Amino acid sequence: VAMVKAQTDTFVITGGCGYFGYRLACSLHKKGAKIILFDKILPEENVPEDILSVQGDIRDYADVVKAVAGATCVFHIASYGMSGKEQLNKHMIEEVNVRGTQNILKACIEHKVPRLVYTSTFNVVFGGQVIENGDESLPYLPLHLHPDHYSRTKALAEMAVLKANGTALKDGSGVFRSCALRPAGIYGPGEKRHLPRIVSYIEKGIFSFVYGEPSSLVEFVHVDNLVSAHELAAKALTAERRYSAAGQPYFISDGRPVNNFEFFRPLVEGLGYSFPKLRLPISLVYFFAFLTEMIHSFIRHIYNFQPLLTRTEVYKTGVTHYFSMAKAKAELGYEPEEHNLDEVIQWFRCRGHGKKSPNSFFCQFLVDILFVAALVAVAMSFLPLVGSCVLNGVKKIL
């Protein structure tokens with residue numbers, strides 16, 4: 001009976017051509033469901049013939065309607081501004097995360113789509129404060145306290161999604177039911193956003209220090225665990241499961257808190273590099289990230305460079321925050337499987353990554369010198385301004 005039902009389901013996946021969206025699509029496709037990928041880009045992978053790809057912009061309501069009309073469930077994954085220089089494009093973040101979500105909700109209700117699973121984030125409750133084994137009873141972080149625009153807009157979008165739960169579908173054809181999943185940082189072989197950036201830092205010798213307390217703990221979620229959580233959430237919005245997830249948020253991770261840098265140690269050493277011994281205070285790194293963002297804001301129209309770190313990334317990686325999986329386990333039946341970075345290491349090695357040069361120690365030493373010199377240069381560039389302020393202060397006293 002369950003398989004017959006799966007074959008009649010039509011799932012629309014926004015952001016379906018991204019790493020996670022495509023993995024979710026493949027899993028659902030194997031179970032016999034009809035899949036529609038909705039994305040601004042075309043899929044990079046070889047998509048099975050019976051998976052439909054609809055190219056469009058989530059900010060355009062007409063495009064959204066073309067994608068979701070006739071669906072039985074929408075997985076709303078598409079977002080913007082999670083990391084890197086994207087975090088600094090406030091207008092685009094607002095348009096995609098808030099307006100895009102409003103378009104999705106409107107289209108679902110107007111075109112009688114009964115279910116929506118929203119991919120949210122830990123950051124709707126986290127803003128740099130220590131959280132140990134937090135649960136879904138935690139309130140949203142007040143919007144004005146969010147240190148980055150992405151987290152603030154994801155909170156607004158999640159609020160809208162959960163508020164829409166219980167809305168009558170057009171023509172009285174049923175009730176709209178929605179829930180939100182709040183995943184940790186995603187990893188897995190082929191992940192496109194975070195891991196390639198980390199590996200590039202490792203290979204360029206930029207990953208030459210760690211920061212924060214060794215005891216600080218964060219969480220990650222393997223892509224396959226996240227796929228499982230989304231499939232379970234979609235089922236828990238059906239009558240068969242008594243709509244148990246309707247209107248609810250859930251934290252999703254591997255359920256294994258770990259120090260951020262220790263998590264990546266196997267990757268660093270698996271690619272043949274030495275794990276950094278230098279540990280810097282998180283306050284120093286945060287200040288450096290602040291300076292980097294300031295410089296970026298001044299010159300981004302001329303040179304839109306990729307910041308080494310943003311302030312948000314510093315506290316996300318260096319401040320303890322992890323959450324209980326109890327609610328997801330009890331209400332969704334979520335049971336995360338254990339994974340490690342072996343597949344990730346193999347994926348990068350198969351693509352030519354890894355330490356090769358016998359002169360790499362000298363190269364590493366040279367890169368370290370240049371990196372330190374760049375830090376000093378940035379700091380020194382602020383000295384004339386500080387000196388001017390001090391001089392003016394002295395003049396006022398005299």
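Leaving aside its neighbours within four places in sequence, which residues is Pro183 in contact with? Let's hold that for a minute and set the scene.

Quick housekeeping. What you're looking at is a predicted model, where local features need pLDDT of at least 70, side-chain atom pairs count only at pLDDT 80 or more, and totals for chains, interfaces and linings use all residues. Residues are numbered from 1 along each chain as its sequence is written, and side-chain values use heavy atoms, with hydrogens and water left out.

OK, the sheet. We've got seven strands in an open sheet, ordered E3-E2-E1-E4-E5-E7-E11, with parallel pairing. Strands here are DSSP E runs of at least two residues, helices are H or I runs of at least four, and both are numbered from the N terminus. Two strands pair if DSSP finds at least two bridges between them. At the edges sit E3 (51-55) and E11 (249-252), each pairing on one side only. On average, neighbouring strands are turned by 20 degrees against each other, direction ignored. Zooming in, E2 (residues 34-39) runs parallel to E3 and is joined to E3 by five bridges. Phe38, for instance, has Val54 in E3 as its bridge partner.

Now the helices. H7 (residues 223-235) lies across E1, E4, E5 (115-119), E7 (177-183) and E11, at about 150 degrees to E5. For angles, we fit axes to C-alpha atoms, for helices over the stretch in contact, and measure from 0 to 180 degrees between N-to-C directions.

H7 also meets H2 (residues 19-30): their axes come within 10 Å and cross at roughly 60 degrees. So those two helices are oblique to each other; the cut-offs are under 35 degrees for roughly parallel, over 145 for roughly antiparallel, 65 to 115 for roughly perpendicular, and oblique for the rest. On the H2 side the contact includes Tyr19, Phe20 and Arg23, and on the H7 side Val223, Asp224 and Leu226.

Back to Pro183, which sits in strand E7. Pro183 is buried, at 9% relative accessible area, where buried means under 20%, exposed over 50% and partly exposed in between, with a 1.4 Å probe and protein chains only. And the answer to my opener: beyond those sequence neighbours, Pro183 touches Thr119, Ser120, Thr121, Phe122, Val221, Leu226 and Ile252, contact being heavy atoms within 4.5 Å. One more distance: the C-alpha atoms of Pro183 and Phe220 are 8.0 Å apart, with their positions 37 residues apart along the chain.
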